[in-house]
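Dear colleague,

Please find below the structure that I agreed to hand over. My notes on it follow directly after.

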Amino acid sequence: MRTQASRKGLLWTTTAITTVCLSVLAILSACSSDAGPRSSAASGQPTVVIIGDSLSTGHGTSPADAWPKLVENDPAFQPLQANIVNAARDGSGYVSAGDNGSTFGSQVDAAVTDATRVVVFFGSENDMGTASGETELAAAQAFASVKARAPHADIVVVGPPSYTSSPEPGRLDIRDQDKAAALKAGADFVDPIDLGWIMNDAPNLIGPDGDHPSAAGQLYLQAKMEALIEPLIQRDRPQ
């Protein structure tokens, strides 16, 4: 009887241990597979965040016509499998507060994460008239915030465009402050004024309000921005 009881006890103990081990393995497996949604970075999908003003929201046309949406829907761009996040708000700038109090800095805070691969800043003429050096300081803070939130992201800073070959001194001053902050941050700076964006075909590319891109203008900006974004995404894609 003792022998039989011992065997039963041993069998029960072995079964219990096996059950516990299997339970632990199941829990560990569940933790590894259900630890929350994976980021786009983990799945290999690069995220591109657009920081900007009404030049990037489709103001004057429609949100569907805005250049970020055109980039997202472009069949030639889609093989890159990039996720476009358009954080731009009308009236915003590095200093200027636009819709819902939005600034370029607050847009960064709301949209940039560790999954972000590229951040594109575009503008802004809305900062014209701010105190000397104020825009450069705010821009530097916005770029620093990107680096803190997405240390491996590329930053592209596109200054405010001009629709004439003789831009106002205030516009040039904002351009220069944007450029100074970008270069100090190690970001790529693109100068639409120096490159002559829009100004050679402004009647066609700017809408009736004289300030915002027409549908043709949004297509024009789509091509310009894709040329900036695509090489940065392609650079780190597995071959």
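Is Gly 91 buried, partly exposed or exposed? The model is a predicted one, and in it Gly 91 has a relative accessible area of 25%. Because buried means under 20% and exposed means over 50%, Gly 91 counts as partly exposed. This glycine sits in the loop that runs between β2 (83–86) and α3 (104–111). Leaving aside residues up to four places away in sequence, Gly 91 is in contact with Ser 54, Ser 96, Ala 97, Gly 98 and Asn 126. Its C-alpha atom is 9.5 Å from that of Leu 55, although 36 residues separate the two along the chain.

Leu 55 also appears in the surroundings of Asp 53, whose side chain reaches the backbone nitrogen of Leu 55 at 3.0 Å. Asp 53 belongs to the loop between β1 (47–52) and α2 (67–73). Asp 53 is buried but forms no salt bridge; Arg 171, the nearest side chain of opposite charge, is 8.1 Å away. Among the residues that Asp 53 touches are Arg 89, Asp 90, Phe 104 and Asn 126.

Turning to the interior, the largest nonpolar core comprises 26 residues, and Val 48, Phe 77, Val 120 and Val 158 are among those with the most contacts inside it. At least two residues of this core come from each of β1, α2, β3 (116–122), β4 (154–158), α7 (202–205) and α8 (215–235). The largest share, 5 residues, is supplied by α8. Another core, of 24 residues, lies apart from this one and includes Phe 104, Ala 138, Ala 150 and Phe 189.

With kind regards

Terms used: Residues are numbered from 1 along each chain as its sequence is written. This is a predicted model: local features need pLDDT of at least 70, side-chain atom pairs count only at pLDDT 80 or more; totals for chains, interfaces and linings use all residues. Side-chain values use heavy atoms; hydrogens and water are left out. Helices (H or I, at least four residues) and strands (E, at least two) are DSSP runs, numbered from the N terminus. Buried means under 20% relative accessible area, exposed over 50%, partly exposed in between (1.4 Å probe, protein chains only). Contact means heavy atoms within 4.5 Å. Lys and Arg count as positive and Asp and Glu as negative; His and the chain ends are not counted. A salt bridge is a side-chain nitrogen of Lys or Arg within 4 Å of a carboxyl oxygen of Asp or Glu. A polar contact is a pair of N or O atoms within 3.5 Å; within protein, one must be able to donate a hydrogen and the other to accept it, and residues adjacent in sequence count only if both atoms are side-chain atoms. A nonpolar core is a set of buried Ala, Val, Leu, Ile, Met, Phe, Trp, Tyr and Cys residues joined through side-chain atoms within 4.5 Å.
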